[in-house]
Amino acid sequence: MKIKYNFATETVEIEVTDDWGSILVDLDRQEYNNNHKETRRHCSLDAYNLDDALFPSDVDVLRDILKAENDKRLHNAIAKLEPRQQKLIRQVFFEGRGYTDIARAEGLDESAVRHATTRALKKLKKLL
């Protein structure tokens with residue numbers, strides 16, 4: 001059996017036994033199939049990371065979607081509170097202000113601010 005090898009500058013033809021010829025033909029077919037399979041992929045194998053995932057494993061899309069939905073529900077519930085309660089929730093939880101600071105700024109007792117915040121949280125919990 002004769003096998004042809006095409007190089008950039010020349011083509012070489014060699015004579016081999018039928019056993020070796022069938023092995024070489026089979027290897028060439030396997031190489032062609034692998035190359036063909038690789039070129040038909042929608043993305044390169046280089047896009048995969050070490051844990052064979054197309055996307056990096058540190059990105060959790062579902063968690064991000066659920067967080068966005070929960071944030072939206074929370075803001076909608078806060079919008080249903082009375083304006084005074086909205087302001088307290090915003091100051092304590094979003095701005096990080098303490099009860100003492102809020103009480104001093106509004107001329108109230110700290111316990112009054114704490115109780116008003118607790119009532120706002122209870123109402124918020126019911127709305128959620």
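Q: Buried means under 20% relative accessible area, exposed means over 50%, and partly exposed lies in between. Is Ala 77 buried or exposed in this structure?

A: This model is predicted. In the model, Ala 77 has a relative accessible area of 4% and is therefore buried, because the cut-off for that class is under 20%. Ala 77 belongs to helix α2. Its contacts, leaving aside residues up to four places away in sequence, are with Leu 124, Leu 127 and Leu 128.

Q: How many residues apart along the chain are Ala 77 and Leu 124, and what separates their C-alpha atoms?

A: The two residues are 47 residues apart along the chain, while 6.4 Å separates their C-alpha atoms. For the chain, one may consider contacts between residues at least 6 apart in sequence: 31% of these join residues at least 24 apart.

Q: What is the overall pattern of the chain, read along the sequence?

A: The order is β-β-α-α-α-α-α, with 5 helices and 2 strands in the chain. Of the 128 residues, 14% are buried. The chain exposes about 10600 Å², and carbon and sulfur atoms account for 54% of that area.

Q: How should the packing of two helices be read, and what is the angle between α2 and α3?

A: Two packed helices are described by the angle between their axes together with the distance between those axes. Helix α2 (residues 61-79) and helix α3 (residues 83-94) pack at about 140 degrees, and their axes are 9 Å apart. The pair α2 and α3 is therefore oblique. On the α2 side the contact is made by Leu 74, His 75, Ile 78 and Ala 79, and on the α3 side by Gln 86, Ile 89 and Phe 94.

Q: How are α3 and α5 oriented to each other?

A: Their axes are 9 Å apart and meet at an angle of about 105 degrees. Angles of 65 to 115 degrees count as roughly perpendicular, so α3 and α5 are placed in that class. From α3, the residues in contact are Gln 85, Leu 88, Ile 89, Val 92 and Phe 93. From α5, they are Val 113, Ala 116, Thr 117, Arg 119, Ala 120, Leu 121 and Lys 123.

Q: Is Thr 117 buried or exposed?

A: Thr 117 has a relative accessible area of 0%, so this residue is buried. Thr 117 sits in helix α5 (residues 110-127). Residues up to four places away in sequence not being counted, Thr 117 touches Leu 88, Val 92, Phe 93 and Tyr 99.

Q: How is a salt bridge recognised, and how many salt bridges does the count come to?

A: The rule asks for a side-chain nitrogen of Lys or Arg within 4 Å of a carboxyl oxygen of Asp or Glu. By this rule there are 7 salt bridges. One of them pairs Glu 13 with Lys 2, whose closest N and O atoms are 3.7 Å apart. This pair links distant parts of the chain, since Glu 13 is in strand β2 (residues 11-15) and Lys 2 is in strand β1 (residues 2-6), 11 residues apart. Glu 13 is partly exposed at 44% relative accessible area, whereas Lys 2, at 56%, is exposed.

Q: Which residue forms a salt bridge with Lys 67?

A: The partner of Lys 67 is Asp 71, with 3.0 Å between the closest N and O atoms. Both residues lie in helix α2, 4 residues apart, which is about one turn of the helix. Asp 71 is partly exposed, with a relative accessible area of 31%. Elsewhere, salt bridges with shared partners join Arg 84, Lys 87 and Glu 106 into one network.

Q: What distance, N to O, is found in the salt bridge of Arg 63 and Asp 64?

A: The side chains of Arg 63 and Asp 64 meet at 3.5 Å, N to O. Arg 63 has a relative accessible area of 47% and is partly exposed. Asp 64, at 40%, is also counted as partly exposed.

Q: Which residues form a nonpolar patch on the surface?

A: The patch consists of Trp 20, Ile 23 and Leu 27, which together have about 330 Å² of accessible area. Ile 23 lies in helix α1 (residues 18-40). With a relative accessible area of 41%, Ile 23 is partly exposed.

Methods
Residues are numbered from 1 along each chain as its sequence is written. This is a predicted model: local features need pLDDT of at least 70, side-chain atom pairs count only at pLDDT 80 or more; totals for chains, interfaces and linings use all residues. Side-chain values use heavy atoms; hydrogens and water are left out. Patches are made of residues with over 30% relative accessible area and no salt bridge: like charges are joined within 9 Å, nonpolar side chains (Val, Leu, Ile, Met, Phe, Trp, Tyr) within 5 Å. Accessible areas come from the Shrake-Rupley method with a 1.4 Å probe; for residues, only the protein chains shown count as cover. Buried means under 20% relative accessible area, exposed over 50%, partly exposed in between (1.4 Å probe, protein chains only). Axes are lines fitted to C-alpha atoms, for helices over the stretch in contact, and angles run from 0 to 180 degrees between N-to-C directions. Angles under 35 degrees count as roughly parallel, over 145 as roughly antiparallel, 65 to 115 as roughly perpendicular and the rest as oblique. Contact means heavy atoms within 4.5 Å.
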